[in-house]
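User: I've got a model open and I'd like to talk through it with you. Can you take my questions one at a time and show how you get to each answer?

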Amino acid sequence: MELPTPQDLRERRTALDLTQSALAERADVSQPLIARIEGGDVDPRLSTLRRIVEALDEVEGDVVRARDIMHEDVISVAPDDSVREAVELMESEAYSQLPVIQNGTPVGSISFSDVNQAGDDVAELPVSEVMSESFPPVSPDATVDEIRNLLEHYKAVVVTESGEAVGIITEADLAAQLS
């Protein structure tokens with residue numbers, strides 16, 4: 001990833017017909033800071049530069065958010081469902097893992113590998129006894145970059161609002177969006 005120069009930022013802002021004040025408001029920084037960055041007087045923090053670039057992307061309509069790619073129909077199991085029920089659901093839906101949700105809140109995840117690692121005779125055990133940690137939660141406003149970073153370490157992310165699951169995104173969903 002190549003970082004934009006002060007000239008790049010100024011050209012992009014003016015091409016979008018944004019004032020420094022409008023960009024500053026969208027990026028949640030001060031207008032004098034925008035002026036100093038564009039003038040080359042100050043090197044911004046990476047987090048500040050990211051907010052400015054994301055604000056410019058939003059104006060261009062290039063930012064894809066979690067809400068744009070999530071599956072709203074979250075197929076899940078409850079902690080007290082049997083492992084057999086979880087396996088049958090994964091097989092029927094052709095998923096290799098599922099979130100475990102209790103009263104709308106993600107509390108864990110279960111996968112075929114969790115079941116295999118649990119050993120024999122686990123079919124009648126509750127999911128809570130073989131489940132793994134929950135998929136990480138993200139807000140509906142999370143960007144594709146944020147989601148991509150999480151999916152490097154997790155099988156899925158759960159989109160939550162006020163602690164309740166409202167969607168799910170897997171690596172396959174992200175790949176489909178990017179292709």
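User: Before the details, what kind of model is this?
Analyst: Worth settling up front, as the values below are computed from the model's coordinates. The model is predicted.

User: Let's take aspartate 114. Which lysine is the nearest side chain of opposite charge, and how far away is it?
Analyst: Aspartate 114 sits in helix α7, which covers residues 112–118. The residue is buried, yet it has no salt bridge. A salt bridge needs the nitrogen and the carboxyl oxygen within 4 Å. The nearest side chain of opposite charge is beyond that: lysine 155, at 5.7 Å.

User: Then which side chain does the side chain of aspartate 114 make a polar contact with?
Analyst: Set aside the neighbours within four places in sequence, and aspartate 114 is in contact with Ser109, Val130 and Ser132. Among these, the polar contact between side chains, at 2.6 Å, is with serine 132.

User: Over to the open sheet. Which strands stand at its edges?
Analyst: Three strands make up this open sheet, with mixed pairing, and the order is β3-β4-β5. Two of them have a single partner strand each, so one side of each is left without a neighbour in the sheet. Those edge strands are β3 (137–138) and β5 (164–170).

User: How many bridges pair β4 with β5, and in what sense?
Analyst: Take one spot along the pair: valine 158 faces isoleucine 168 in β5. Strand β4 spans residues 156–161, and its pairing with β5 is antiparallel, over six bridges.

User: Which helix packs on that sheet, and what angle does its direction make with that of β4?
Analyst: The helix spans residues 144–151 and touches β3, β4 and β5. That's helix α8, and its direction makes an angle with that of β4 of about 135°.

User: Staying in helix α8, which residue meets arginine 148 in a salt bridge?
Analyst: The two partners both lie in helix α8, three residues apart, or about one turn. Arginine 148 is partly exposed, at 31% relative accessibility, and its partner is also partly exposed, at 46%. The N to O distance is 2.7 Å, and the partner is aspartate 145.

User: Is valine 166 in β5 buried, exposed or partly exposed?
Analyst: Valine 166 is found in strand β5. Leaving out neighbours within four places in sequence, its contacts include Met70, His71, Val74 and Val159. Buried means under 20% and exposed over 50%. Valine 166 comes in at 25%, so it counts as partly exposed.

User: What about the hairpin: which residue in the turn has a positive phi?
Analyst: β1 and β2 form the hairpin, with two residues between them. The strands run antiparallel and are joined by six bridges, and glutamine 97 stands opposite serine 111 in β2. In the turn, the residue with a positive phi, about 50°, is asparagine 103.

User: How many residues of strand β1 are buried?
Analyst: Strand β1 has six residues, 97–102. It's largely enclosed by the rest of the structure, because the number of buried residues is five.

User: On to charges. How many residues apart in sequence are the parts that glutamate 124 and arginine 84 tie together?
Analyst: Glutamate 124 and arginine 84 form a salt bridge, with the closest N and O atoms 2.3 Å apart. Glutamate 124 lies in the loop between α7 and β3, while arginine 84 is in helix α6 (residues 83–93). So the pair ties together parts whose separation in sequence is 40 residues.

User: In the salt bridge of arginine 65 with glutamate 58, how far apart are the closest N and O atoms?
Analyst: Arginine 65 is buried, with a relative accessible area of 14%. Glutamate 58 counts as partly exposed, at 38%. Their closest N and O atoms are separated by 1.9 Å.

User: And how many salt bridges does the structure hold?
Analyst: Beyond the pairs above, Arg12, Asp57 and Glu60 are joined into one network by salt bridges that share partners. The number for the structure is seven.

User: Last one: which residues does threonine 48 touch?
Analyst: Threonine 48 lies in helix α4, residues 46–60. At 10% relative accessibility it counts as buried. Not counting residues up to four places away in sequence, it touches Val29, Leu33 and Ile37.

How values were computed. Residues are numbered from 1 along each chain as its sequence is written. This is a predicted model: local features need pLDDT of at least 70, side-chain atom pairs count only at pLDDT 80 or more; totals for chains, interfaces and linings use all residues. Side-chain values use heavy atoms; hydrogens and water are left out. Helices (H or I, at least four residues) and strands (E, at least two) are DSSP runs, numbered from the N terminus. Buried means under 20% relative accessible area, exposed over 50%, partly exposed in between (1.4 Å probe, protein chains only). Lys and Arg count as positive and Asp and Glu as negative; His and the chain ends are not counted. A polar contact is a pair of N or O atoms within 3.5 Å; within protein, one must be able to donate a hydrogen and the other to accept it, and residues adjacent in sequence count only if both atoms are side-chain atoms. Contact means heavy atoms within 4.5 Å. Two strands pair if DSSP finds at least two bridges between them. Axes are lines fitted to C-alpha atoms, for helices over the stretch in contact, and angles run from 0 to 180 degrees between N-to-C directions.
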